[in-house]
Amino acid sequence: MARGRKYIPRISDALLEHYLSTFGAVVIEGPKWCGKTTSAARKARSGLRLADPANNHQNRRLAELNTKYALEGVRPRLIDEWQEVPAIWDAVRYECDQAHGAPGQFLLTGSATPHKNAQPTHSGAGRFGRVRMDTLTLAEQGISSKATSLASLFAGSEPQGASKLSLEDIADIVCKGG
């Protein structure tokens with residue numbers, strides 16, 4: 001989390017909490033800079049950031065030499081940008097099996113998928129819960145009143161309420177995304 005910035009609660013936080021109490025590991029996937037690591041770090045008790053360039057990418061290099069290094073620490077353990085060392089996936093899966101299904105062992109975050117030649121050998125079924133996180137929604141940003149949802153519009157409902165935003169504000173929001 002950036003210093004001096006207040007955490008903005010995410011809609012996905014409830015799903016993350018539920019999956020941590022259900023699965024041995026939770027994978028948070030999504031684009032860069034959408035808040036995956038920040039949300040995961042709030043739940044983790046220890047962590048390893050594989051993309052940290054310190055000491056010539058020491059964390060990544062140690063994890064490549066011995067994946068057990070990445071797993072050491074108080075749990076739940078955050079492994080950020082796990083796809084930098086794809087063997088971590090199978091190591092986490094194995095460790096979850098050794099914990100006899102105990103939930104909340106690991107949080108894995110990543111914004112890219114491993115190279116095709118380095119894909120994990122196991123699907124993670126039964127051990128990994130997947131949370132998709134995207135950029136802040138308009139509701140999370142405090143812009144939307146949540147009076148109307150896209151799902152309800154697509155289901156045929158009429159829009160509820162009227163926006164107090166100007167056309168310029170709406171154009172700015174659409175260009176910014178969320």
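**Model and confidence**

Among the elements of the protein, strand E3 (residues 77-80) has the highest mean pLDDT, 98, and helix H7 the lowest, 86; pLDDT is the predictor's confidence in each residue, from 0 to 100. Helices (H or I, at least four residues) and strands (E, at least two) are DSSP runs numbered from the N terminus. For the protein, the mean pLDDT is 88, and 90% of the residues reach 70 or more.

The model is predicted: local features need pLDDT of at least 70, side-chain atom pairs count only at pLDDT 80 or more, and totals for chains, interfaces and linings use all residues. Residues are numbered from 1 along each chain as its sequence is written, and side-chain values use heavy atoms, with hydrogens and water left out.

**Nonpolar cores**

The largest nonpolar core (buried Ala, Val, Leu, Ile, Met, Phe, Trp, Tyr and Cys residues joined through side-chain atoms within 4.5 Å) comprises 18 residues, and Ile79, Ile88, Val92 and Leu108 have the most contacts inside it. Two or more residues each are given to this core by strand E1 (25-29), helix H4 (67-71), helix H5 (87-98) and strand E4 (106-110). H5 supplies the largest share, five residues. A second, separate core of 13 residues includes Val26, Ala40, Val131 and Met133.

Beyond its neighbours within four places in sequence, Leu108 is in contact (heavy atoms within 4.5 Å) with Val26, Val27, Ile28, Ile79, Trp82, Trp89, Val92 and Phe128.

**Thr109 and Asn55**

Thr109 lies in strand E4 and is buried, with a relative accessible area of 0%. In this classification, buried means under 20% relative accessible area, exposed over 50%, and partly exposed in between (1.4 Å probe, protein chains only). Not counting residues up to four places away in sequence, Thr109 touches ten residues' worth of partners that include Ile28, Lys36, Thr37, Ala40, Leu78 and Trp82. Thr109 and Glu29 are 80 residues apart in sequence, yet their C-alpha atoms are 6.1 Å apart.

Asn55, in helix H3 (residues 54-65), is exposed, with a relative accessible area of 60%. The C-alpha atoms of Asn55 and Gly101 are separated by 35 Å, the two residues being 46 apart along the chain.

**Salt bridges**

The whole structure contains ten salt bridges, each defined as a side-chain nitrogen of Lys or Arg within 4 Å of a carboxyl oxygen of Asp or Glu. In helix H3, Arg60 and Glu64 are four residues apart, about one turn of the helix, and form a salt bridge with the closest N and O atoms 3.8 Å apart. Arg60 is partly exposed at 22% relative accessible area, as is Glu64 at 47%. Arg60, Glu64 and Glu84 are linked in a network of salt bridges.

Glu95 and Lys68 form a salt bridge with a closest N and O separation of 4.0 Å. Glu95 lies in helix H5 and Lys68 in helix H4, so this pair ties together parts 27 residues apart in sequence. Glu95 counts as buried at 16% relative accessibility, whereas Lys68 is partly exposed at 47%. Arg93 and Asp97 also meet in a salt bridge (3.0 Å, N to O).

**Surface patch**

Leu138, Ile143, Leu165, Ile170 and Val174 form a nonpolar patch on the surface, with about 370 Å² of accessible area together. Patches are made of residues with over 30% relative accessible area and no salt bridge; like charges are joined within 9 Å and nonpolar side chains (Val, Leu, Ile, Met, Phe, Trp, Tyr) within 5 Å. Accessible areas come from the Shrake-Rupley method with a 1.4 Å probe, and for residues only the protein chains shown count as cover. Leu165, in the loop between helix H6 (150-154) and helix H7 (167-176), counts as partly exposed at 34% relative accessibility.
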